[in-house]
Amino acid sequence: MVRTKGNLNTEEAIRNVVLRSGAATGGLGQGRVTDLADVAFSYADATMRLRFRGDLGLAFNIVREAGANVISVMEDIRTGLSDLADGPVADAGLQMRQVYDETIYINGAISLMMQNI
């Protein structure tokens, strides 16, 4: 595994990453990723299966940045999910369901606090 900062969003960009350069020691050679490895974008083999109402499904997590306002982030997520569900997801004949919403607990706690006050 190699970690790097950069915009490595194409196979060609990854192939051209310099791993070692002789320029620092007076040499002329460079070692690039393409010299050592084959580069390809692909998916890992599935190790688990998710089903939704009996059909294969896909799950993904949305994680907010530390310190972000949970309620406003969830409002933005709901808007984005609605746009996706009514557009490209529906066009592809798929369904999308949100299964967890952190604001339900938060709003319930705020409501309880207001009742107690």
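Two residues are in contact when heavy atoms of the one lie within 4.5 Å of heavy atoms of the other. In the predicted model described here, residues 24 or more positions apart account for 37% of those contacts in the protein chain that have a separation of 6 or more. The secondary structure comprises four helices and four strands. Along the sequence these elements follow the pattern α-β-β-α-β-β-α-α. The protein chain has 117 residues, of which 9% count as buried. The area exposed by the chain is about 10,500 Å², and carbon and sulfur atoms supply 54% of that area.

The packing of helices α3 and α4 was examined next. Two packed helices are described by the angle between their axes and the distance between the axes. For α3 and α4 the angle is about 135 degrees, and the axes are 10 Å apart. This angle makes α3 oblique to α4, because an angle counts as roughly antiparallel when over 145 degrees and as roughly perpendicular from 65 to 115 degrees. The crossing of the two helices is left-handed. On the α3 side, the contact is made by V70, I71, M74 and R78. On the α4 side, the residues taking part are E102, T103, I106, N107 and I110.

One of these α4 residues is T103. T103 lies in helix α4 and has a relative accessible area of 3%. T103 therefore counts as buried, the limit for that class being under 20%. When its neighbours within four places in sequence are left aside, T103 is in contact with V70, I71, M74 and R78. These four residues are also the ones that α3 brings to its contact with α4.

Salt bridges form a further set of side-chain pairings. Side chains of opposite charge can pair when their charged atoms come close. The model contains four salt bridges, and three of them are described here. R64 and E102 meet through their side chains in a salt bridge, with an N to O distance of 3.8 Å. This pair links distant parts of the chain, since R64 is in the loop between β4 and α3 (70–91), E102 is in helix α4 (residues 102–116), and the two are 38 residues apart. R64 is partly exposed, at 34% relative accessibility. E102 is likewise partly exposed, with a value of 29%. E102 is also among the α4 residues that make the contact with α3.

Two other salt bridges involve R15. In the pair R15 and E11, the closest N and O atoms are 3.1 Å apart. R15 and E11 are four residues apart in helix α1 (residues 11–15), so about one helical turn separates them. R15 also forms a salt bridge with E12, and in this pair the closest N and O atoms are 3.4 Å apart. R15 and E12 both lie in helix α1, at a spacing of three residues, or about one turn of the helix. E11, E12 and R15 are thus linked in a network of salt bridges. Each member of the network is partly exposed: the relative accessible area is 22% for R15, 27% for E11 and 44% for E12.

The segment before α1 contains N9. N9 has a relative accessible area of 51% and counts as exposed because the limit for that class is over 50%. N9 and F41 are 32 residues apart in sequence, while their C-alpha atoms are 9.6 Å apart in space.

Backbone geometry was also considered at R53. Most residues other than glycine have a negative phi. R53, which is not a glycine, has a positive phi of about 55 degrees. R53 is placed in the loop between β3 (51–52) and β4 (55–56). With a relative accessible area of 65%, R53 is exposed.

Definitions and conventions. Residues numbered from 1 in each chain as written. Predicted model: local features only at pLDDT ≥ 70, side-chain atom pairs only at ≥ 80, totals over all residues. Heavy atoms only, no water. Buried < 20%, exposed > 50% of the residue type's maximum accessible area, 1.4 Å probe, protein only. Areas by Shrake-Rupley, 256 points an atom, 1.4 Å probe, with all protein chains shown as cover. Axes fitted to C-alpha atoms, helices over the stretch in contact; angles between N-to-C directions. Parallel < 35°, antiparallel > 145°, perpendicular 65-115°, else oblique. Left-handed = near helix turned anticlockwise from the far one by under 90°.
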